[in-house]
Amino acid sequence: MTKRISVCLSFDFDAISLWVGPRKSRSPNLIAHGEFGEIGAQRLVRLLDDEQIPSTWFIPGHTIETYPEICQQVANAGHEIGYHGYCHEAPSSKRDVVEERTILERSIECIDKLCGKTPVGHRLPGGNLGERWVSMLMEHGIRYDSSLAPHDFEPTYFRRGDVPRTDGPYEFGETIDLVILPFDWNMDDWPYFTYEGNRQGLRSPDDVYGIWAAEFDYLYQKLGSGVYVLTMHPQCIGKGSRMLMLERLIHYMKTHDNVEFKCLATVTEEFRSANPIG
Ligand SMILES: [Zn+2]
């Protein structure tokens, strides 16, 4: 069987929004961590240009307005821009629906101003993908989410109306027209590299290369087709040793036939046309 692998590099460009938003920090040290995101983003744009590969960037409105120049470079280079909140807000059932909608629309507007089109992709900036939020996303033209992974290497459709029974088997609801592209902590740079208090972090780039390359090997050798999604943060992957690791991984994947780098929106539409819903 002919192999067919799509590789999607995705970047959550949180910058300072994460620290002053959900973390509620005013610490210059943590804010500086976020500021480094700009430097990381510049390095990534150069790397992606050198490698001539498209990618997807989930950028909060706060980052777009704080760092317009680098965000414009990302957009001008043709990378896809997806939704990631205004100041990295987790949609929550406790928040008033009007407030949720205001955040959603303001963030979409920031992206529209940046690249001349509204986003089709969404990644949760924390929290859960509740049904009310999903309906609102679909109403605003969102075609896919990349915040969970019922399958590690395949897109799936989102479900509505699950019944989490405990006195009998779990009941699955109906599939709806929102594509899910895999997001897994295993394929995310943050837990491996970020040092926060006593949480483990600061792993060797070689360790992480070993995990990410082995995930790719399994997909390529054992499954033969599917989508490989990495999630990275410029403030995290942007450090020298990690940038070299990412470059090495890209080169490794490029040595394989029938591997194509794509943005998540492209994979979504390919999946949707090959697997039309109901
Ligand atoms: Zn984020």
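The following paragraphs go through the strands, helix packing and selected loop residues of a predicted model.

A starting point is strand β1, which covers residues 4–12. Of the nine residues in β1, eight are buried, and the strand is mostly covered. β1 pairs with β8, β9 and β2. With β8 the pairing is parallel and extends over eight bridges; within it, V7 stands opposite Y228 of β8. With β9 there are three bridges, again in the parallel sense, and S6 has E260 as its bridge partner in that strand. With β2, which spans residues 56–58, three bridges are found and the strands run parallel. Here D12 has F58 of β2 as its bridge partner.

Strand β8 (residues 225–232) has seven of its eight residues buried, and it is therefore largely enclosed by the rest of the structure. In a regular strand, side chains point alternately to one face of the sheet and the other.

A further sheet is open and has four strands, in the order β4-β5-β7-β6, with mixed pairing. Its edges are β4 (121–122) and β6 (156–160); each has a single partner strand, so one side of each lacks a neighbour in the sheet. On the β4 side, the pairing with β5 (residues 144–145) is parallel and consists of two bridges. G121 has Y144 of β5 as its bridge partner. Helix α6, residues 131–139, packs on this sheet and touches β4, β6 and β7 (174–180). The direction of α6 makes about 65° with that of β7. Helix α11, residues 264–274, lies across β5, β6 and β7, and α11 runs at about 145° to β7.

The loop that links β5 and β6 contains S146. Is S146 buried or exposed? Its relative accessibility is 0%, so S146 counts as buried. Apart from neighbours within four places in sequence, S146 is in contact with F58, H122, R123, L181, P182, F183 and L264. Among these contacts, F58 is also the bridge partner of D12 in β2, H122 falls within β4 (121–122), and L264 belongs to helix α11 (residues 264–274).

Helix packing comes next. Two packed helices are described by the angle between their axes and by the distance between those axes. Helix α5 (residues 97–115) packs against α6 at an angle of about 40°, and the axes are 11 Å apart. This angle makes α5 oblique to α6. The crossing of the two helices is right-handed. On the α5 side the contact is made by V97, E100, R101 and L104, and on the α6 side by R132, W133, M136, L137 and E139. Sorted by class, the contact of α5 with α6 has five nonpolar and four charged residues, with no polar ones. Helix α6 thus has contacts on the sheet, with β4, β6 and β7, as well as with α5.

Another helix pair is formed by α2 (residues 28–51) and α10 (residues 240–254), which pack at about 20° with axes 12 Å apart. That angle makes α2 roughly parallel to α10. The crossing of α2 and α10 is right-handed. From α2, R43, L44, L47 and E51 meet G240, M243, L246, E247, I250, H251 and K254 of α10. By class, the contact of α2 with α10 has five nonpolar, two polar and four charged residues.

Two loop residues remain, and both concern backbone geometry. Most residues other than glycine have a negative phi. L202 has a positive phi, near 50°, and is not a glycine. L202 sits in the loop between α7 (189–193) and α8 (205–223). With a relative accessible area of 54%, L202 is exposed. N258 likewise has a positive phi, of about 60°, and is not a glycine. The loop that holds N258 lies between α10 and β9 (259–261). N258 has 45% relative accessibility and so counts as partly exposed. Beyond that loop the chain returns to β9, the strand joined to β1 by three bridges.

Note on methods:
Residues numbered from 1 in each chain as written. Predicted model: local features only at pLDDT ≥ 70, side-chain atom pairs only at ≥ 80, totals over all residues. Heavy atoms only, no water. Pairing = 2+ DSSP bridges. Contact = heavy atoms within 4.5 Å. Axes fitted to C-alpha atoms, helices over the stretch in contact; angles between N-to-C directions. Parallel < 35°, antiparallel > 145°, perpendicular 65-115°, else oblique. Left-handed = near helix turned anticlockwise from the far one by under 90°. Nonpolar A, V, L, I, M, F, W, Y, C, P; charged D, E, K, R; others polar. Buried < 20%, exposed > 50% of the residue type's maximum accessible area, 1.4 Å probe, protein only.
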